[in-house]
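Reader: I'd like to go through this one label by label. Can you tell me what backs up each term?

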Amino acid sequence: MTNETKPIGLLGGTFNPIHHGHLRLALELYERLELAEVRLIPSAQPPHRKQPSVSSQLRLEMVQAAIENVKGLSVDDRELRRSGLSYTIDTLSSLRQDYPQQSLCLILGRDAFLGLPQWHQWELLLSQAHILVVERRQESRLPEKQKEAIKYFWQTHQTTSRDDLKKQRAGCIWLEENLPTLDISATQIRHLIATGKNPCYLLPQAVLNIINTHQLYR
Ligand code: ATP
């Protein structure tokens, strides 16, 4: 059951496969920002990249296995239940219907945030949710040299009061700086497996078991 007063964090991704980088990010934000929960939302057909090599069902199973019994993390399969491209604006609108009053926080890495003007109906995202921009330690600060559109978007909506994320249900951009993140990527894991190496310790053992059972990424 969702706590009505705390924001829900939303972390989308292909999760092909989910790994400790994603999981630490989600848990860190859950605890730092006192979120009701962080929902991991596997993408069916991401608009800006190739169709994932592994089926939606297996990627979902891997996320479920990874977060089993972890307080604060949950999985949301709504993008997998829709046909067509997985546009974030559609996902947010659907969540907004389910949670009319609750604060929603879309979690985006700095690179994704800077690339927003390429997203479908990007200017509508803030009508449905806040945007939580995550800056890793090694990254330079926001805003720097960016396209005018994103600079204006940033300047108009950024907040320096974290309470706004609770008081309002949408409309603010919050920058979370200095987040400790792990240098792990799904690409690296797929490459290790494809070349016969052991990806152990980069991802939960329960996820690795699913990969081994289905002979994924070989
Ligand atoms: P790939 O290597 O296939 O591109 P990925 O590991 O980057 O995959 P995604 O599923 O594309 O994983 O990522 C989902 C979200 O998690 C994105 O917002 C991404 O920026 C973030 N993310 C991925 N890896 C990490 C990490 N190691 N630390 C923090 N955030 C991460």
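**Labels and what backs them**

Author: Let's begin with a loop residue: Q121 sits in the loop between α4 and α5. Keep in mind that this is a predicted model.

Reader: What makes Q121 "partly exposed"?

Author: Its relative accessible area is 42%. Partly exposed covers what falls between the 20% and 50% cut-offs, so Q121 gets that label at 42%. Q121 also has a positive phi, about 50°, although it is not a glycine.

Reader: Why point out a positive phi at all?

Author: Because most residues other than glycine have a negative phi. F15 is another case, with a positive phi of about 50° although it is not a glycine. E34, which follows α1, has a positive phi near 50°.

Reader: Where is F15, and is it buried or exposed?

Author: F15 is in the loop between β1 and α1. Its relative accessibility is 1%; buried means under 20%, so F15 counts as buried. P17 is in the loop between β1 (8–13) and α1 too.

Reader: What is the peptide bond from N16 to P17 like?

Author: That bond is cis, with omega near 0°. As for why one would mention it, most peptide bonds are trans.

Reader: On to the rings. Why is the pair F113 and F153 called stacked?

Author: A pair of aromatic rings is described by the distance of the centres and the angle of the planes. For F113 and F153 the centres are 6.3 Å apart and the planes are at 25°. Pairing needs centres within 6.5 Å, and stacked needs planes under 30 degrees apart, so F113 and F153 are a stacked pair.

Reader: And what makes W122 and F153 edge-to-face?

Author: Their planes are 70° apart, with 4.8 Å centre to centre. Edge-to-face applies over 60 degrees, so the label fits W122 and F153.

Reader: How far apart in sequence are the parts that these two pairs tie together?

Author: F113 lies in helix α4 (residues 110–114) and F153 in helix α6 (residues 148–157), so their pair ties together parts 40 residues apart in sequence. W122 is in the loop between α4 and α5 (125–128), so its pair with F153 in α6 ties together parts 31 residues apart. The count comes to 3 aromatic pairs, and ring pairs link F113, W122, F153 and W154 into a cluster.

Reader: How do you know that W122 and F153 are buried?

Author: W122 has 8% relative accessibility and F153 has a relative accessible area of 6%. Buried means under 20%, so W122 and F153 both count as buried. F113 is buried as well.

Reader: How do you know that the span of α1 agrees with what a helix should give?

Author: At 1.5 Å a residue, the 13 residues of α1 should span 18 Å, and the end C-alpha atoms are 18 Å apart, so the two agree. The buried residues of α1 include H22, L25, E28 and Y30.

Reader: What does the largest nonpolar core consist of?

Author: It has 41 residues, and those with the most contacts inside it are I18, L29, L40, M62 and I211. Among the elements that each supply at least two residues of this core are α1 (20–32), β2 (37–42), α2 (56–67) and β5 (130–136). A second, separate core of 25 residues includes L125, L126, A129 and F153.

Reader: Which residues is M62 in contact with, beyond its neighbours within four places in sequence?

Author: They include F15, P17, I18 and V54, along with V207, I210, I211, L216 and Y217.

Reader: What makes β5 "mostly covered"?

Author: 6 of its 7 residues are buried.

Reader: Why are β4 and β5 said to pair?

Author: Pairing takes at least two bridges; 5 bridges join β4 to β5, so they pair, and they run parallel. I107 has L132 in β5 as its bridge partner. β5 and β6 are joined by 5 bridges and run parallel, with V134 standing opposite E176 in β6.

Reader: One last label: why is S43 called buried?

Author: S43 comes in at 7% relative accessibility, so it counts as buried. S43 lies in the loop between β2 and α2. Leaving out residues up to four places away in sequence, S43 touches G13, R59, E79, L80 and S86.

Methods
Residues are numbered from 1 along each chain as its sequence is written. This is a predicted model: local features need pLDDT of at least 70, side-chain atom pairs count only at pLDDT 80 or more; totals for chains, interfaces and linings use all residues. Side-chain values use heavy atoms; hydrogens and water are left out. A nonpolar core is a set of buried Ala, Val, Leu, Ile, Met, Phe, Trp, Tyr and Cys residues joined through side-chain atoms within 4.5 Å. Buried means under 20% relative accessible area, exposed over 50%, partly exposed in between (1.4 Å probe, protein chains only). Helices (H or I, at least four residues) and strands (E, at least two) are DSSP runs, numbered from the N terminus. Contact means heavy atoms within 4.5 Å. Rings of Phe, Tyr and Trp (its six-membered ring) pair if their centres lie within 6.5 Å; planes under 30 degrees apart count as stacked, over 60 as edge-to-face and the rest as tilted. The expected span of a helix is 1.5 Å times one less than its number of residues.
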